[in-house]
Structure formats: C-alpha cells, structure tokens
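The following note sets out points for a colleague who wishes to read this structure at the level of strands, helices and their contacts. Each point may be read beside the displayed chain.

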Amino acid sequence: MKKELEAIIGLEVHAQMNTKTKLFCGCSNDAFGKEPNTLVCPICMGHPGTLPAPNKSAVEKAIKASLALKCAVQNSSHMSRKNYFYPDLPTGYQISQYDFPLALKGTVSFSSSDGVKECGITRLHIENDAGKLTHAGTKSLCDYNRAGTPLMEIVTEPDLRSAEDAVSFAQELRRILIAVNSSEADMYKGMMRFDASISLRPKGEKKLYPRTEIKNLNSFKALEKALGYELKRLTELWEKDQAPKGEVTVGWIDDEEKTVMLRDKESAADYRYFPEPDIPPLVFEKSSIDSLGGSAIELPEEIRQRYLSLKLTEAEAQLLIDQPALQHLFDAVQKKTNDAKRTSSLVLTQLMGFLKAQNKSISEAPSIDHLLQLLDAIDKKLITANAAKEVLEEMVSSGKSSSDIIKEKGLTQIQDTGAIEKLVEDAIKANPDAIESWKNGKQAALGAVVGWVMKQSKGSADPVTVNEILMWKLKG
C-alpha cells in the first residue's frame, strides 16, 4: 500500500530595499536600465583599504519590515562575511548576517483556496547583493552596478504545503513590504527573488527529509511551476523507493520548464562565516525600534478591510492593494469626494480604462493635482459629466491639465440659461417628429431633442437645465 505523501516547502526571499544609495557606500541604488559598470566605486568593488559604512535608511527599512512581519527585532545584531566565489562578487565574500541576525520569529497570514493560513518567519537579516552576469555564447559579461545593493533576506519555516500556498504567501509578503515602504518589490526589475526548498514525507510524520533547493526564481509563475515540477519529480522517486539521501541545489530553466542539477547543497560550514571586522555590531534602543513600527502604517489586510467598508468589491480592494501608486490616487480623490462609488467610477473604471486603451501604466497617469482640478471643474459645473470623460481621456493622452484642455477644446459649460433656452427653441423646431411622438405619449422621444442641443453646444450645455427648460417650453 502506497503511503500518502505531503510536501514540505520553505522559502528564502531576497527583497531589494528602496534606498537611494547602496548598503555600504554612496553609489546610486537605481541600477535598472543603466549603462553597465557606471554605478560603482572602490567600496562596492571591494578595493583594498576601503571601509564599508552601513546605510542607516536600509537598516531602518529592514526594521520596519521585521515589525510588519511580527518579528522580534534584536537589540544587537552583527554583520558577518559569507565567503564564496562568483565572478560578479567583486570582494570574494558577501557581507551578511549569520549568528546574530536583525530579527527573529515572525508570522504572516495569507489566504489560500482552503482558507486563511499562517507561515512562520525564521529570521530576517540584511546583506549586500552581488552583481549581474549575462551569458553570451561562450562568454560571460559582468555588470557590477547591482553589487552592494541592500537586500533583506526573509527565511520562512517549512510551513507551506503546496505550490499554491507558496505563491499566496509570497504575494502577501510582497504586499506587506510595499505597504511599509521597505521595498518596491518590482519583480520585473529583479527586486524580489526566491529560493524555494521542497521535500516530501509520509503524511502524519514529523521528521524532515533531505530537501531540494531551487535557486533564483524571479516570478510567481516560475515559483509555482518550479515547485510543481519538483513535487512531481520527487513523488516519482519516492514511489520507486528512491527517496533522496542528500540535499541538492537545482536551477529552474524557464524556457524548458524543468529543473537542472547544479550542485550538492552548501552548508554554513562551506561559507566559512566569520565576523565582519570593519563593521561594529548594530545596537538599537527599544524606543528606536518602537518608533519605526508606528500605528500609522497600514498593512495589506487593514487596507483591504478599509476598502471593503466603503463597499468596494474584493477585486477592487485587491487591485488597489497591489498597486500602491493607484491606491495613492484613489485615496486622494476619495478624500475630496467622500464618495467611494464616484471615486471608483472615476479612478478604477474611467482612468484605468483610458490607461489600458492607450497601453500606459499607472506611473503615466495624470497627477493627483490634475485629477483634483478636474473634480473641481465638475463640481463647479464648469463642464458636464460627459465632457469630463473627454477631458480625462485627453489628460491621459497628452499629460496636460484639465483646465488647459477645457480651454483648448472650448468645453466650458454654458451657464447662461438664456442661451440654453434659445438652443432648446431651435431644437424643438428642428425635431418636429420627436415632439409629435412625445405628444402621443412616447417620453423617450425627447432624447432626440436633448441630444440635438448637446450636439449643437458641443456637450457644454447642462443636460439637467436643458431638460428643465424643454419641459417648461412644451408644457407652456
């Protein structure tokens, strides 16, 4: 009889902190898209005689993330040298943390298809990143712009039981890091990456069996597929009574959707950790730690509940949580209108619709000031609601302010009731069939008359005023 197996999964998550400069020097931390090897200095290139100086902002961001993950920030933490050789690691070692990490023992709650679950956090520590290797045929090119980038490494307990759970947890973790402004976690730019460990065991057992570590997964899709592949491979081995006897490290090949053997898994002894001699221990007062976990910081679940209380849908709430820039716009408009339904229509329906139609991202959306100016124009009845849609579309397209567009297109709403009355009189004369149909009881026929006025006024006549004057005229 076959034993029922269960997957035991843990993650090591590397998230780049969104500081202006690198972890131990003053070089820019914005390497994406820059010319190779232009954001480097003697410190991040590991030249002899240079001294690293910890980035205070990076340490604070790591503490904020730790508190949001319900970790206990240690009063004292130490930096260590992790020795290994890669061509893109200019020092020949990484400055990381080992015996005395920044924070220990946290938890993250996440939603899965079978309810809310929790994953324990073993530790969060800070370290600097290596550079980037680009393989071209038989040659490899080194770009050291990323060398020295400040990272948080977040190590989980082996609490995850499926690829779906791993992805759901990783997505919630990403939302938390973004919410506390510790990382942009932009996976397209390589700001968040995963090493996933997976093993199997007979269901009901507590023993942990040798694991397989999958290195450098850079998307949720890759995380899910790689774990799924390894789950299938390991299951086949167990069913042949060939369960792994040792731990191995594999790499995920996206194009082929399979893993390949890299090496036997390294242990701490392989890295020859020893205390970093050039950086003293990081010591924190409790008051300093507490000040970085202020109650003003909203975590994703709190944000979700706030939006749901405004009668937004789950999908709308999740969209706002996943896109902080969109959330910022929405909250600013909601504060002005105090009307979630109206705000949703303007921001989530109209604005997002125009951005999608023009193949633009939220980063290219009109500024908050421009959106609030448009609202002012609507509220002061300077333009009609229909004209406002036209203005918003042009704002997305051109980047111009609403006031400039309204002026250029002549969309200012007609305030003179005398002028509207004249247009209504002309509309009655121009649409005798519609007037006759109305007299015969067809109320909808007046739509053609109102439409005539709106067309002649280029949408600048107030439809409510047009209807009022039209009924007044027709009823004598």
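In which sense, left-handed or right-handed, does H15 pass H16? The points below take up this question first and then turn to the sheets and the other helix pairs. The model under review is a predicted one.

1. The pair H15 and H16. The crossing of H15 past H16 is right-handed. Helix H15 spans residues 446-456 and helix H16 spans residues 463-474; their axes lie 10 Å apart, and the packing angle is about 125°. That angle makes H15 oblique to H16, because values over 115 and up to 145 degrees fall outside the parallel, perpendicular and antiparallel classes. From H15, the residues Leu446, Val449, Val450, Val453 and Met454 meet Pro463, Val466, Asn467, Leu470, Met471 and Leu474 of H16. By class, this contact of H15 with H16 holds 10 nonpolar residues, one polar residue and no charged residue.

2. The nine-stranded sheet. An open sheet of nine strands runs in the order S2-S6-S7-S10-S1-S11-S12-S13-S14, and its pairing is mixed. At the edges stand strand S2 (72-73) and strand S14 (258-264); each has a single partner strand, so one side of each is left without a neighbour in the sheet. As a general matter, strands of a sheet pair through backbone hydrogen bonds, in either a parallel or an antiparallel sense.

3. Strands S6, S7 and S10. Strand S6 (residues 103-112) and strand S7 (residues 115-128) run antiparallel and are joined by nine bridges. The connection from S6 to S7 is a hairpin through two residues. Ser112 has Gly115 of S7 opposite to it. S7 also pairs with strand S10 (residues 150-156), again in the antiparallel sense, over seven bridges. In this second pairing, Glu127 stands opposite Leu151 of S10.

4. Strands S11 and S12, and the helices on the sheet. S11 and strand S12 (residues 212-217) are antiparallel, with four bridges between them. The bridge partner of Phe194 in S12 is Leu217. Helix H2 (residues 163-179) packs on the sheet and touches strand S1 (5-16), S6, S7, S10 and S11, while its direction makes about 115° with that of S6. H3 lies across S1, S11, S12, strand S13 (248-253) and S14, and runs at about 25° to S11.

5. An aromatic pair between S11 and H3. How many aromatic pairs does the count give? The count comes to 10 aromatic pairs. One of them is formed by Phe194 and Phe220: the ring centres are 5.9 Å apart and the planes stand at 35°, so the pair is tilted. Phe194 belongs to strand S11 (residues 192-202) and Phe220 to helix H3 (residues 220-239), so the pair ties together parts that are 26 residues apart in sequence.

6. The pair H2 and H6. What angle separates the directions of H2 and H6 where their axes cross? The crossing is at roughly 85°, and the axes come within 9 Å. H2 and H6 are therefore roughly perpendicular to each other. Glu172, Arg175, Ile176 and Ala179 of H2 meet Pro300, Glu301 and Arg304 of H6. The contact of H2 with H6 comprises three nonpolar, no polar and four charged residues.

7. The pair H6 and H7. Helix H6 (residues 300-309) and helix H7 (residues 314-322) cross at roughly 140°, with axes that come within 9 Å. That crossing makes H6 oblique to H7. H6 passes H7 in a right-handed crossing. The residues brought together are Pro300, Ile303, Arg304, Tyr307 and Leu308 from H6 and Glu314, Ala317, Gln318, Leu320 and Ile321 from H7. By class, seven residues of the contact of H6 with H7 are nonpolar, one is polar and two are charged. Pro300 and Arg304 of H6 also appear in the contact with H2.

8. The three-stranded sheet. A further open sheet has three strands in the order S5-S4-S15, and its pairing is antiparallel. Strand S5 (93-96) and strand S15 (274-275) are the edge strands, each pairing on one side only. Strand S4 (residues 80-83) pairs with S15 in the antiparallel sense over two bridges. Ser80 stands opposite Pro275 of S15.

Technical notes:
Residues numbered from 1 in each chain as written. Predicted model: local features only at pLDDT ≥ 70, side-chain atom pairs only at ≥ 80, totals over all residues. Heavy atoms only, no water. Pairing = 2+ DSSP bridges. Axes fitted to C-alpha atoms, helices over the stretch in contact; angles between N-to-C directions. Parallel < 35°, antiparallel > 145°, perpendicular 65-115°, else oblique. Left-handed = near helix turned anticlockwise from the far one by under 90°. Contact = heavy atoms within 4.5 Å. Nonpolar A, V, L, I, M, F, W, Y, C, P; charged D, E, K, R; others polar. Phe/Tyr/Trp six-rings, centres within 6.5 Å; stacked < 30°, edge-to-face > 60°.
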